[in-house]
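Q: I'm trying to learn how to read a sheet, one strand at a time. Could you take me through a single part of this one closely?

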Amino acid sequence: MTDKPLTEITGDIDLASSDVVPTEIVMVGERSGLSYANIRTEWAPELAELELASYATANPSDLYDEPSLRLLAQDFSEGCFAAFDDSRLVAMGLGVRVHFDFNQPQHSVSDIVPEDHSSSGDDPTGDWYYGTGISTRPEYRRRGIGSEMYDLRKGVCRQLNLRGMVAGGVIPGYADHKHLMSADNYIAEVREGRLYDPTLSFQINNGFEAVCALANYIEDPAVDSWAALIVWHNLHYTSPDDTQPDGTSPNNTQP
Ligand SMILES: CC(C)(COP(=O)(O)OP(=O)(O)OC[C@H]1O[C@@H](n2cnc3c(N)ncnc32)[C@H](O)[C@@H]1OP(=O)(O)O)[C@@H](O)C(=O)NCCC(=O)NCCS
């Protein structure tokens, strides 16, 4: 699937039903019609509730809680988005900047976001966007909101000149196949289109490569804690090594 143009606007809306919470809308989704905004610390309760509801079989200690969502909103709000249907928060796309070594791809979610939630895990010097969570409320799924969340975060990679997006993707469909094949074989079957996974197929259709299986990524007995390493490359990325003597880069005429 190719990247789609976005309808970008800015403006102030009231997101809370009772309080006036002026917030800048960064995009109105062409497909969903929903309003998207960068996350704010005061939305931590709604974001945490959506996180818990979205990963029903995962260990809650592996998920964001309210304090860690507040830290994330403080550190990297510009990389994290929430979608609103009027005043209702219905979806989110979260992430942090990291350095990622593809020569040693095995890792767990707590290597990215510390389990004690002492920090958001965001490293402003990081050259990859690590997707730490994407979820849409069940009744809002299959309307293009997840794809719009990816479009926004791909935009962040371009704006911040990050190499791309990497994540440990959950593979809920593996629960029905784990007695039949290894996680790597399951991922290969999904990659080849012979099996459909509600999450991994959607990510592949959004331009991600499914690289390999990740063992013990997030505690989830339904899939024996397996996940898939996924990656999307930002073709506009320019390495600092490519910078010309006049301060410009080959793909960017701005110094
Ligand atoms: C994965 C998830 C975020 C997808 O969100 P979503 O808002 O439903 O995403 P989209 O609507 O953009 O796409 C989902 C599917 O609906 C399809 N779709 C989109 N609009 C549609 C429409 N109008 N009619 C029919 N199908 C549609 C998409 O093509 C996509 O199909 P695919 O799986 O074959 O690629 C959501 O299912 C979710 O929250 N899951 C639980 C949490 C989770 O697993 N997160 C991923 C962690 S790695």
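In S8, which residue is the bridge partner of Tyr 130? Please carry on from there to the strands around it.

A: Tyr 130 has Val 166 of S8 as its bridge partner. Before we go on, note that this is a predicted model: local features need pLDDT of at least 70 and side-chain atom pairs count only at pLDDT 80 or more, while totals for chains, interfaces and linings use all residues. Residues are numbered from 1 along each chain as its sequence is written.

Tyr 130 falls within strand S7 (128-136). Strands here are DSSP runs of E with at least two residues, and helices are runs of H or I with at least four, numbered from the N terminus. Two strands count as paired if DSSP finds at least two bridges between them. In general, strands of a sheet pair through backbone hydrogen bonds, either parallel or antiparallel. S7 and S8 go for the parallel option, with two bridges.

Now look at S6. S6 and S7 run antiparallel and are joined by eight bridges, and one match-up there is Met 92 with Ser 135 of S7. S6 covers residues 88-98, and nine of its 11 residues are buried (20 or more other C-beta atoms within 10 Å of a residue's own, with C-beta atoms placed from the backbone). So S6 is largely enclosed by the rest of the structure.

Keep going and you reach S5 (residues 81-85), which pairs with S6 in the antiparallel sense over five bridges. Phe 81 sits opposite Gly 93 of S6. The hairpin of S5 and S6 has two residues between the strands, and Asp 86 takes a positive phi near 55° there.

Zoom out, and you have an open sheet of eight strands in the order S3-S4-S5-S6-S7-S8-S10-S9, with mixed pairing. Strand S3 (27-28) and strand S9 (209-214) are the edge strands, each pairing on one side only.

Back to S7, because there's a ligand to meet. It has 18 residues around it, the closest being Thr 136, Arg 141, Gly 146, Ser 147 and Phe 202; a residue counts as near if its C-beta atom, placed from the backbone, lies within 6 Å. S7 is one of the elements giving two or more residues to that shell, along with helix H4 (145-159), strand S8 (164-170) and helix H6 (200-205). The shell splits into five nonpolar, 10 polar and three charged residues. Here Ala, Val, Leu, Ile, Met, Phe, Trp, Tyr, Cys and Pro count as nonpolar, Asp, Glu, Lys and Arg as charged, and the others, Gly among them, as polar.

Key. A residue is buried if 20 or more other C-beta atoms lie within 10 Å of its own, exposed if 12 or fewer, and partly exposed in between; C-beta atoms are placed from the backbone.
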